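Please look through the structure shown here with an eye to the empty spaces inside it and to the way its helices pack. The paragraphs that follow take these topics in turn.

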Amino acid sequence: MNATDWSVDLDDTEGLLAADREGLLRAAALAGAQVRATAAALEEGELDPLRADGPPRTVVWVAGRGNAETAGALLAAVLSGAASAPIVVVPEAPGWIGALDVVVIAGDDPGDPTLVASAATAVRRGARVAVVAPYEGPLRDATAGRCAAVAPRVRVPDDFNLARYFAAGLATLHMVDPRLQANLDELADILDAEAYTNSAAHELFTNPAKLLADRMLDRQIVFAGDNAATLALARHGAAVMLRVAHRPVAGVCLADVLVALRGGMNARGGSLFHDEQIDGPLPPRIHTVVLATDAERPVVNARIGGYDDIDVIHAGEVLDAPAVEPGHSAATGGRMEQQLARLAVRLEMAAAYLKLVRG
C-alpha cells in the first residue's frame, strides 16, 4: 500500500478525530491520569499495609503476560541497581516465598488461576502482598483483605494500561524501600505533557507520535533496545503496534540488528542492473527504530555509525523537528523511569495514528 492510499492524512485533525470512533487517542492520552489515580491511592493509604521496619529480602513481581509483565520487566531493569532488595519478575509465586518478601500480584483478570494461587500462597506464607489488579472475585477471596489493593480507577482498554502497572510498581517500591522515591505527581504531569505534544491538533513535524507513525507507513519496521529496559520497551512497542495498529513489528536487541546489517540485510547487491520484470521486485528495506535513554544515546549513536535505515529516538527528542534551544525543558527526558514512560506513551499514540490512517 502506498502513502497515497491511506484514507486519512496525519495532519488532518478533523479527519483523525472523526475516524477515531473507538477513542484510541483518548485512551492512549490517559497515561497521566492513570498515574495520578495511583498517586491518589498512595496518598489515601491504600499501600500502608506494605510498611515495615526494614526493606524486604526480595520484591517478587508476579505477572504472566501483557502490560503487567512488561511493567515488571521495566521496573526491574530500571531500579534493581538502586533497590535494597532484588526485584524478580516471575509468572507465578516461587516456592521460596516467605515472610521477609514482598509479592506484587499484577494482572487484569481477578479470576486468573495462576494469579489467585500465587496470591493465596504469598498470604499463607506471611509475605507482604500488593494486588495490582481488579480487586474482586477469586483474587479478593484468596487474600481476604490481607493485602494492599491497587485496583484500577481509570478505565482504559488493556492495550493502554502499562502506565497503571508501572505507577503501581513505583508506588509499591516507594513504600517498601526507603531508597526508592516515587514522585508520581511529577510523572503524571510529564505524561500529560507528552500526550498533549502528540495530540491530533499538533502538526506532523512537531508531533513525535505522528512522526513515528509517518516513518512506519510504507516500511517494514524493527524496534530495538540496547539494554534490558529499552529492550522491554521495544517489545512493548511491537506488541501495541500489533494489537492496536495491526502492524507486525519486531522488538529485538540492537545487537541482533547490527549482526543482520553486517550480514547483508538491506543490501542492494546488483541493484544497478536489476530489472523487476526479469528479476522480480527487490526485497523491502528494513527500517530500525532504536529506543534510547539520554544516558546511553552517545554509545548507541557510536554503535550505529555508518549504517543506513536506523533512527534513534529518545524521550526529549522530536524527529526532524527544529533543534531545541539549550536549557529548554524539552531537551532532556528526566529520570530514566520518566523517559521510558514517555516513550511508551509515544509508541501507543503512534499505534493509534497508524490504525486511524488505515481507515
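The lining of the largest cavity in this predicted model consists of 12 nonpolar residues, no polar residue and one charged residue. The space in this largest cavity comes to about 80 Å³, and among its 13 lining residues Leu 162, Ala 163, Phe 166, Ala 341 and Ala 344 lie nearest the centre. Two or more lining residues come from each of helix 3 (31-43), helix 7, helix 8 (184-197) and helix 14 (336-358), with helix 14 giving the most, five residues.

The second largest cavity has a volume of about 60 Å³, and helix 3 gives the most to its lining, with four residues. The lining of this second largest cavity, which includes Gln 34, Arg 153 and Arg 164, divides into six nonpolar, two polar and two charged residues.

Helix 7 (residues 162-176) also packs against helix 4 (residues 66-79), at an angle of about 45° and with the axes 8 Å apart, which makes helix 4 oblique to helix 7. The crossing is right-handed, and the residues that meet include Leu 74 and Leu 75 from helix 4 and Phe 166 and Leu 170 from helix 7. By class, this contact between helix 4 and helix 7 holds 10 nonpolar, three polar and no charged residues.

Turning to the pockets, the second largest has a volume of about 300 Å³ and a lining of 22 residues, with Arg 65, Gly 66, Asn 67, Ala 68 and Asp 108 nearest its centre. Helix 4, helix 5 (113-124) and helix 10 (228-245) are the elements that each give two or more residues to this lining, in which eight residues are nonpolar, eight polar and six charged.

Note on methods:
Residues are numbered from 1 along each chain as its sequence is written. This is a predicted model: local features need pLDDT of at least 70, side-chain atom pairs count only at pLDDT 80 or more; totals for chains, interfaces and linings use all residues. Side-chain values use heavy atoms; hydrogens and water are left out. Axes are lines fitted to C-alpha atoms, for helices over the stretch in contact, and angles run from 0 to 180 degrees between N-to-C directions. Angles under 35 degrees count as roughly parallel, over 145 as roughly antiparallel, 65 to 115 as roughly perpendicular and the rest as oblique. A crossing is left-handed if the near helix is turned anticlockwise from the far one by less than a right angle, and right-handed if clockwise. Contact means heavy atoms within 4.5 Å. Ala, Val, Leu, Ile, Met, Phe, Trp, Tyr, Cys and Pro count as nonpolar, Asp, Glu, Lys and Arg as charged, and the others, Gly among them, as polar. On a 1 Å grid over the protein atoms alone, a cavity is a set of points where a 1.4 Å probe fits but cannot get out, and a pocket is an open set with protein on both sides within 12 Å along at least five of seven lines; lining residues have an atom within 4 Å of a point. Grid points are joined across faces, edges and corners, and a volume is the space filled by probe spheres set on the points.
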